[in-house]
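Me: I'm new to this one. Can you walk me through it?

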Amino acid sequence: MLDPYRPEGSFVKKAVASEGGIVTSQSLAAARIGATVLAEGGNAVDAAIATGFAVGVLEPWMSGIGGGGYMLVAMAGAPEVQCVEFGMIAPKTLDPADYPLTGGTTQALFEWPSVKGDRNIKGPLSVGVPGTVDGMRVAHETFATLPWARLVEPAAGLAQAGLPVDWYAMLSIAVAARELSENAGARKVYLPGGLPPAPAAAEGPPPRLGLGKLDITLRRLAKAGPREFYEGETARAIAAEIQRLGGKLSTADLAEYRARLVPASASSYRDVEVFAPGGLTAGPTLARTLEFLTADMEERTGRGPGPDAYRAYASALDRAYRERFQTMGDAGDGAARNNPASASCTTHLSVVDRQGNMVALTQTLLSRFGSKVLLEDTGVMLNNGIMWFDPTPGRPNSMAPGKRPLSNMVPTLLRKSGQPWAALGASGGRRILPAVAQVLSFLVDFGMDLEAALHCPRLDASGSGVTLDNRLSPEVKAAIDPALAVRRGTLDVHPVLFASPNVVMREPGGGLNHGMTDIASPWSGAAAEP
């Protein structure tokens with residue numbers, strides 16, 4: 001099929017269709033683990049938990065049990081869509097005085113005022129209380145059908161086998177090598193001999209990196225249950241080591257942590273119900289973006305978006321982000337920007353099962369490899385959740401003990417006629433929301449299938465002008481509001497200028513399920529239930 005959005009030499013992928021369940025993930029190997037869980041009789045939540053633990057081992061620069069996130073769950077026939085909130089929070093003994101400003105500006109994910117020694121970005125003082133394991137506990141206790149140990153064990157086996165090193169793993173480690181070298185545990189695991197690992201020079205199985213004691217920790221969690229991470233031997237080991245390194249995370253912080261199950265935030269777009277996390281996530285900003293689009297863009301039909309649609313996307317996203325800056329404190333002065341070198345720092349997975357239950361799960365360490373602190377006693381790589389706070393005192397998102405920071409994550413579920421229709425989300429820091437909003441519009445406004453929607457070029461407008469995919473025409477650039485600075489960029493593996501979405505869909509009336517992942521994400525893929 002000739003497709004103007006797939007010029008010769010660009011990335012091309014195929015969607016997967018099945019009467020059974022489908023899992024999409026930034027790691028196809030992890031997605032296959034989730035699909036196997038579906039084949040064994042697990043539901044979408046079982047598959048999401050198993051895939052989430054597995055991807056934290058296979059893609060350790062993006063997520064893991066030392067991080068946090070959000071999971072949306074839509075059970076077929078249920079009146080409500082539920083959200084499991086398991087974001088990181090600040091330790092109760094956090095002291096803002098430990099983060100003195102230098103007068104400069106950081107070049108990390110956000111252009112916050114810089115802090116002495118980048119203590120809020122890397123190292124032990126950047127660590128927030130991890131939420132991933134307790135988030136999976138709440139999801140498991142509420143929705144799952146298979147035993148907890150069955151869902152954790154595949155990740156433990158992967159950790160014991162070690163991380164396969166191909167060209168993409170080498171690149172992902174090399175990008176963060178300088179900062180990884182500053183922590184003994186991270187240096188020992190990811191920089192053998194002081195350098196990033198190299199893939200095999202010839203055909204054959206890739207070399208593997210040992211992941212320290214991570215497999216032991218995962219097997220302990222599988223056997224003793226999820227609260228062991230917060231109240232048992234693992235909790236004591238984590239707190240003791242991080243405090244030896246100079247951090248504030250304590251056994252009390254871990255013991256008091258509880259993920260929360262709340263109704264998802266609901267809005268609508270055209271004839272579709274839209275569900276996302278609420279509160280301090282990008283969910284409210286997504287709702288505002290769609291509200292602006294409803295007013296600014298007529299309902300569309302036809303092959304795909306033209307210049308007027310991209311003008312509407314840029315305008316709606318710019319307006320929504322300006323509101324976010326002013327009311328939620330994400331940037332104080334509105335100057336926060338993305339750093340292309342650091343944008344891909346999260347992972348997303350989507351699941352639909354044969355009964356039509358759906359899950360959208362986004363989890364993160366925040367920056368690439370989080371705090372860059374890998375604990376030798378447990379093998380856990382810890383998040384740098386303190387980076388989400390504005391280090392300037394007196395602002396809505398300023399850091400404080402026990403506080404929850406803002407988040408850019410927005411796993412999203414769509415319903416038609418009261419039934420789950422699509423689950424989607426993305427990785428990519430501040431670029432997540434623009435990607436989710438546009439893919440949603442491609443599906444709803446233009447009736448695209450997944451292949452068309454994920455091959456269709458997008459723009460990014462997340463707080464500092466507009467970046468246009470190079471595949472977009474000069475007419476699109478001319479249509480964008482002249483008040484918005486416009487630049488062009490290439491959809492590529494690195495640097496990451498656009499977010500990496502993935503989606504599952506179910507045909508109305510219970511027909512085939514479909515799944516597809518970002519075309520430029522080399523490890524990602526959709527796995528159908530065997």
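**Cores, sheet and cysteines**

Reply: Sure. Start with Tyr190 in this predicted model. Leaving aside neighbours within four places in sequence, Tyr190 is in contact with Pro60, Leu163, Ile173, Leu180, Leu195, Pro196, Pro197, Leu209, Leu211, Phe369, Leu374 and Met381.

Me: Which residues have the most contacts inside the largest nonpolar core?

Reply: Met71 and Tyr190. That core has 83 residues.

Me: And which helix gives the most to this core?

Reply: Helix 2, residues 44-58. It gives 11 residues.

Me: What does the second core include?

Reply: It is separate and has 59 residues. Among them are Ala453, Leu454, Leu459 and Met505.

Me: Switching to sheets. What order do the strands take in the open sheet of 7?

Reply: The order is 1-20-19-15-14-11-10. The pairing is antiparallel.

Me: Which strands sit at the edges?

Reply: Strand 1 (16-18) and strand 10 (265-269). Each pairs on one side only.

Me: How much are neighbouring strands turned against each other?

Reply: By 20° on average, with direction ignored.

Me: Which helix packs on the sheet?

Reply: Helix 14, residues 432-445. It touches strand 10, strand 11 (272-276), strand 14 (412-416), strand 15 (419-427) and strand 19. Its direction makes about 145° with that of strand 15.

Me: Tell me about strand 19. Is it mostly covered or not?

Reply: Mostly covered. Of its 7 residues, 7 are buried. Ser500, Asn502, Val504 and Arg506 point one way, while Pro501, Val503 and Met505 point the other way.

Me: How many bridges join strand 15 to strand 19?

Reply: 6, and the two strands run antiparallel. One bridge pairs Ala423 with Val504 in strand 19.

Me: What about strand 19 and strand 20?

Reply: Those are residues 500-506 and 513-517. They pair in the antiparallel sense over 5 bridges. Met505 has His514 as its bridge partner in strand 20. Arg506 has Asn513.

Me: How many residues lie between strand 19 and strand 20 in the hairpin?

Reply: 6. In the turn, Gly509 has a positive phi of about 85°.

Me: New topic. How many disulfides does the structure hold?

Reply: It holds 0.

Me: Then take Cys83 and Cys456. Why does each count as buried or exposed?

Reply: Cys83 counts as buried because its relative accessibility is 1%. Cys456 is also at 1%, so it counts as buried. The cut-off for buried is under 20%.

Key:
Residues numbered from 1 in each chain as written. Predicted model: local features only at pLDDT ≥ 70, side-chain atom pairs only at ≥ 80, totals over all residues. Heavy atoms only, no water. Disulfide = S-S within 2.5 Å. Buried < 20%, exposed > 50% of the residue type's maximum accessible area, 1.4 Å probe, protein only. Core = buried A, V, L, I, M, F, W, Y, C linked by side-chain atoms within 4.5 Å. Helix = DSSP H or I, 4+ residues; strand = E, 2+ residues; numbered from the N terminus. Contact = heavy atoms within 4.5 Å. Pairing = 2+ DSSP bridges. Axes fitted to C-alpha atoms, helices over the stretch in contact; angles between N-to-C directions.
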